[in-house]
Amino acid sequence: MIDLRSDTVTLPTPAMREAMLAAPVGDDVYGEDPTIFELERRTAELLGHEAGLFCTTGSLANLLGVRLLVEPGQEVVCDVAAHIARAEMGAHAAVHGLTMRTVGSVNGLVDVDAYAAVVAPSAGPYLVSTAAVAVENTHNFGGGTIQPYDRLVELGELCRSQRLGYHLDGARLWNAHVATGVPLIDYGSVFDSVSVCFSKGLGAPVGSVLVSTAANIARARVWRKRLGGGWRQAGILAAGALHALDHHVDRLADDHDAAQSFAAAVAEQAPPAVDPAAVQTNIVVLDTGDVTAAEIAAAALQEAVWVSALGPHMLRAVTHLGVSVEDAWTAGEVVGRLVGLR
Ligand SMILES: Cc1ncc(COP(=O)(O)O)c(C=O)c1O
């Protein structure tokens, strides 16, 4: 089986398991887990922030990060296909009483004018006031697209001029960093709060870190506990994330090569389905044309290739450390043939 459903399906490597086994741990609610402390410290430093908070998931890190910047009854503005808007089960509204307003985009990429047209920081007594803007880099449903750095800076300037908070969902920021060479600290420093995931391309079994100012992270720590997310000897998990930081960042370039390989194999057999030149990182989004994505996904599964149907005609394949460039090519041939046949 070649499993391209997501980069979350990776299994910890033997070396990662060893690092987890050997981790010194303590009770993190008492602030006594040295491995968690080290992960939080290193991640904050990498991203140019004062402090970090180890969280179970990217969804929790986003939930806390946005809550730092937005009060109940205010809104956060984000992309129409942002993970926080589409895939976090309405948590920002259900748990924190925030509303969201979304802007359209091409492949999830920031259009600063579109945000400028929508944000309303002091909307008065009749309209909802905007408190923050959130962006995603890379953009998952946009097809692993990379936000151009200058646009992130420009949007940050807009936020600052309007006194809006600025949150980054950087679940796959590592991929953007490896693909562009833009230092993590440059990406991170633009934002008030940043979440990054260790359980996607980096291949750790669990965990995300939220970074921000020390005061903000102290507040987020309270919210995390309030939501039942305070944990104890979770340094075992943080050790997997630290191992990933040391050993699995640079190798993301291999995943990007594998995504190119998959897209090229598809394009050979079904050229309209994908433009390999548009694939920037480890996510390939295909247009299945007249056939439904679910049909193609089901047929591919019969041939031991696992991909996700994300929309009626939108198929997604994600490369990761469990898939070689050769596997990706083989999977692309299967999917390309199936799309081309119909
Ligand atoms: C862009 C993005 N943000 C956040 C998340 C949430 O991560 P988690 O599944 O750990 O909650 C995901 C998960 O796929 C994601 O793709």
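Buried means under 20% relative accessible area, exposed means over 50%, and partly exposed lies in between. Keep these cut-offs at hand for the exercises below, which all use a predicted model.

**Exercise 1. A link between two helices**

Find the salt-bridge partner of R42, then decide whether R42 is buried, partly exposed or exposed.

*Solution.*
- Step 1: start from the side chain of R42 and look for a carboxyl oxygen. The partner is D246, and the closest N and O atoms of the two are 2.9 Å apart. A salt bridge calls for a distance within 4 Å, so this pair qualifies.
- Step 2: place both ends. R42 sits in helix α2 and D246 in helix α11, so this bridge ties together distant parts of the chain, 204 residues apart.
- Step 3: apply the cut-offs. R42 has a relative accessible area of 22% and is therefore partly exposed. D246, at 48%, also counts as partly exposed because it falls between the two limits.

**Exercise 2. A bridge within one helix**

Which residue forms a salt bridge with R41, and where in the chain do the two lie?

*Solution.*
- Step 1: the partner of R41 is E38, with 3.0 Å between the closest N and O atoms.
- Step 2: both residues belong to helix α2 (residues 34-47). They are three residues apart, about one turn of the helix.
- Step 3: check the exposure. R41 is partly exposed because its relative accessibility is 35%, and E38 is partly exposed because its value is 27%.

**Exercise 3. From a loop to a helix**

Locate the two ends of the salt bridge between E303 and R337, and work out how exposed each one is.

*Solution.*
- Step 1: the closest N and O atoms of E303 and R337 are 2.6 Å apart.
- Step 2: E303 is in the loop between α13 and β10, whereas R337 is in helix α14 (residues 325-341); the pair links distant parts of the chain, 34 residues apart.
- Step 3: E303 has a relative accessible area of 33%, so it is partly exposed. R337 is partly exposed as well, because its area is 33%.
- Step 4: now widen the view to networks. Salt bridges with shared partners join E38, R41 and E45 into one network. In total, the structure holds 12 salt bridges.

**Exercise 4. A covered strand**

How many residues of strand β2 are buried, and which residue is the bridge partner of F54?

*Solution.*
- Step 1: β2 spans residues 51-55, and five of its five residues are buried.
- Step 2: take the strand one face at a time. A51, L53 and C55 are buried on one side, and G52 and F54 are buried on the other.
- Step 3: find the neighbouring strand. β2 pairs with β8 (residues 208-212) in the antiparallel sense, over five bridges. Within β8, F54 has V209 as its bridge partner.

**Exercise 5. A hairpin**

Trace the chain from β11 to β12 and say how many residues join them.

*Solution.*
- Step 1: β11 covers residues 308-311 and β12 covers residues 314-318; the two pair in the antiparallel sense over three bridges.
- Step 2: the hairpin that joins them runs through two residues.
- Step 3: to check the register, look at S308, which stands opposite R316 in β12.

**Exercise 6. Backbone surprises**

Examine the backbone at R163, at A304 and between N137 and T138, and describe what you find.

*Solution.*
- Step 1: recall the background. Most residues other than glycine have a negative phi, and most peptide bonds are trans.
- Step 2: R163 has a positive phi, near 55°. R163 lies in the loop between α7 and β6, and it is exposed because its relative accessible area is 78%.
- Step 3: A304 is not a glycine, yet its phi is positive at about 65°. A304 belongs to the loop between α13 and β10, and its 30% relative accessibility is why it counts as partly exposed.
- Step 4: N137 and T138 are joined by a cis peptide bond, with omega about 0°. T138 is in the loop between β5 and α7.

**Exercise 7. A charged patch**

Which helix gives the most residues to the negative patch on the surface?

*Solution.*
- Step 1: list the members of the patch, which are D111, D113, D150, E154 and E157.
- Step 2: helix α7 (residues 149-161) gives the most, with three residues.
- Step 3: try one example. D150 lies in α7, and D150 counts as exposed because its relative accessibility is 54%.

Note on methods: Residues numbered from 1 in each chain as written. Predicted model: local features only at pLDDT ≥ 70, side-chain atom pairs only at ≥ 80, totals over all residues. Heavy atoms only, no water. Patch = residues over 30% accessible without salt bridge, like charges linked within 9 Å, V, L, I, M, F, W, Y side chains within 5 Å. Areas by Shrake-Rupley, 256 points an atom, 1.4 Å probe, with all protein chains shown as cover. Lys, Arg positive; Asp, Glu negative; His and termini not counted. Charge placed at Lys NZ, Arg CZ, Asp CG, Glu CD. Helix = DSSP H or I, 4+ residues; strand = E, 2+ residues; numbered from the N terminus. Buried < 20%, exposed > 50% of the residue type's maximum accessible area, 1.4 Å probe, protein only. Pairing = 2+ DSSP bridges.
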